[in-house]
Amino acid sequence: MDLNTPVGLVSRSYKMYAGRLSKLGIFTIYDFLLHIPFRYEDYSLISKIGQVQAEELITVKGKIEKIENRYLRRWKTLQKAQVTDGTGTLDVIWFNQPYIPKAIKVGDEVSLSGKIELDKNKLIMKSPDYELVVDNETIHTGRIVPIYPETKGISSKWLRRQVYKVLDQFKDLQDYLPKETLRKNNLGDLSYAINSIHFPKSMQEVERAKERLSFDEMLKLHLLSLKRKKEWKKDKVNPWKIDKNKINELIKILPFELTDAQKNAVEEILRDLSSNLPMNRLLEGDVGSGKTIVAAITTYASFLNGFQTAFMAPTEILSSQHFQTLDNLLSPLEIKVKLFTSGSKKIDDFDVAVGTHALIYKKVQFKKLGLVVIDEQQRFGVEQRAKLRLKGKNPHILTMTATPIPRTVALTMYGDLDLSILDKMPKGRINIKTWLVPPSKREGAYKWIKEKIEREKDQVFIVCPFIEESENMITVKAAKKEFERLSKEVFPNLKLGLLHGKLKSGEKNDVLNDFKNKKIDILVSTPVVEVGIDVPAATIMLIEEAERFGLAQLHQLRGRVGRSSRQSYCLLFTSSNNPLTLRRLKSMEKIYSGPELAELDLKLRGPGQIYGTTQHGTFQLKVASFSDIELIAKTKKEAEILFEKLHKYPKLTEQITLGDKKVSPD
Ligand code: ADP
Ligand code: MG
């Protein structure tokens, strides 16, 4: 067994845990060491029992004199013990942990850490952490104790024991960073850092360890990007011919002029296509910045070179919307655009196939796939492309995202991709008037909405509270209930529709088409539903319990309206009276730029919130932070230096290879 052994192969009992451990990102023995505590409990103060005082958080060591289970009413139990160390005797109790008297017996030497309380004039210790003392060593008590992220069936205590065992067994962790790098960046060595992040002697040691480990984490991310970029460029392709005249003709028939940002992005893309390397570009642009048209122009270039294009979106609604846009634009140019849904039969006569991600694996026979466009997603994995390559295809890839992440962060997260940013909005857009609405103004707001609909034929989105990360029955139920309430009590004379993720795709399309065709005035929807839908006539967005959303998310939702020249509105309902929350939400009234809001959220709530777990699960950093711009810059520079001579550092190379396997999405 070595550090890279998968946990499942270590022993039978580990094998049982392997599934749960993978949820924590633990796949190999080494990963135990990289499972970083999220906080510590300071149990380092050890006291004689005779000297303990009320309210102290301390550790006592002694011999168990008595221990028993007591049965209380309603199946509740109480565990009572007495421990002595020669200076005194202390009463200890736990609640509902009947297994403790089985684990600890009279006569055992134990160590107990917890709070001393005064109970009917007597000092007692309530619910302490406990362990048997063997060879005078303790893991869970009597020191600064690490508290780990847990998952069902895996407790922090269990993890702590495993980490301890691994550290004990692999005392000498070999450093993979060159001494020169450590010296230059004033970093401690790896063994020290890992030992002190788990079992520190002081909190200063933790800080020092974090410096080293976050440097490593960010450095590895950069190195991994460089490696992937290099691999991507190993393949050569035949350069495409770019017929500027034809492309300009298409641009000319658009009902609007491209923004400078769109023109730039098109330039960058066409340059990629005319080189002999496959394109791997990310097009980042705020909601409504006009990414689709850039992708449509790219699609046209693919057609002009005799290639087919796969145009993919995360949901069927979005793909049918893209289908309409592309079909309108491209079919007059004799380009065959086809929509593939879960119900479609096999079709193979097309130039552009539009559909969800299933498109490229299942249904569709590509004869000459030249371009893959992926909307509203950050990553089209290296391995997805490897699969395509196995099928003899080596397409150019354009991914699009509206996730407003600051440029430095984007360059780190997606360092293996080339980046184009649409940082200018199309002309003529009016800022969406945004108001924070407290409970006292709710009725007034409903009345105002009713009038807007009746007098000016406005159309409204009402987004229900964000309850769960992913769309599940709880969220759907809440939306249904709100829909009933609004239909019966608030807007009885208006037409309401309900949209949620558990509807069949045909039903979703019907609701959405009814909304587009103005058969519905108010569309009540769950928050996770359909980030990209484009209903230009909609002008009012009402968001319930706005405080549950990040600013970037609110901005994305707000971006569903304001897509025409009509004045649009966003109403943020909240019942929070926390001044910080209100201030955060208030910034929506003044700031209209996605990246700016994202940056603000980054400051106010930290990166975990923006790049939430569902969308960007692969980028949960363990120690480092994407808000640490200085660290990002420093490690980037170092990565570029090291990458040039990576062959000299086999252990570092191994780290990168392992990382490559682990970070893979899906
Ligand atoms: P997103 O970047 O959010 O995907 P879309 O591509 O859906 O944005 O574009 C939003 C709307 O703006 C669409 O209705 C589109 O036709 C329109 N649009 C795109 N580019 C321009 C432009 N340069 N000028 C005016 N309107 C534009
Ligand atoms: Mg879009």
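**Close-ups of a predicted model**

**View 1. Helix 1 passes helix 4 in a left-handed crossing.** We're looking at a predicted model here, as in every view below. Helix 1 covers residues 12-23 and helix 4 covers residues 156-169. Their axes come within 14 Å and cross at roughly 115°. On the helix 1 side, look for Y14, Y17 and L21, which meet W158, L159 and Q162 in helix 4. Sort the residues of this contact by class and you get five nonpolar, one polar and no charged.

**View 2. The protein is assigned three stretches as domains: 45-142, 244-422 and 433-591.** Stepping back for a moment, these are domain 1, domain 2 and domain 3, in that order. Going by C-alpha atoms, the centres of domain 1 and domain 3 sit 54 Å apart.

**View 3. Helix 11 and helix 16 cross at roughly 55°.** Helix 11 takes in residues 316-330, helix 16 residues 505-516, and their axes come within 10 Å. That angle makes helix 11 oblique to helix 16. The crossing is right-handed. To find the contact, pick out E316, I317, S320, Q321 and Q324 in helix 11; they meet S505, K508, N509, L512 and K516 in helix 16. By class, this contact has two nonpolar, five polar and three charged residues.

**View 4. Six strands make up an open sheet with parallel pairing.** Read across the sheet and the strands come in the order 15-20-19-16-18-17. Strand 15 (433-437) and strand 17 (496-499) are at the edges with a single partner strand each, so one side of each has no neighbour in the sheet. From one strand to the next, the twist averages 20°.

**View 5. Here's one edge of that sheet, where strand 17 pairs with strand 18.** Strand 18 is residues 522-525, and the two strands pair in the parallel sense over four bridges. For a spot to focus on, try G497: its bridge partner in strand 18 is L523.

**View 6. Two helices, helix 17 and helix 18, lie across strands of the sheet.** Helix 17 (residues 551-558) lies across strand 15, strand 16 (459-463), strand 19 (538-543) and strand 20 (569-573). Against strand 19, helix 17 runs at about 150°. Helix 18 (residues 579-590) lies across strand 15 and strand 20, and runs at about 155° to strand 15. So which strands should you look for under both helices? Strand 15 and strand 20 are on the list for helix 17 and on the list for helix 18.

Notes: Residues numbered from 1 in each chain as written. Chains lettered and ligands numbered in written order. Predicted model: local features only at pLDDT ≥ 70, side-chain atom pairs only at ≥ 80, totals over all residues. Heavy atoms only, no water. Domains from an automatic or database assignment. Axes fitted to C-alpha atoms, helices over the stretch in contact; angles between N-to-C directions. Parallel < 35°, antiparallel > 145°, perpendicular 65-115°, else oblique. Left-handed = near helix turned anticlockwise from the far one by under 90°. Contact = heavy atoms within 4.5 Å. Nonpolar A, V, L, I, M, F, W, Y, C, P; charged D, E, K, R; others polar. Pairing = 2+ DSSP bridges.
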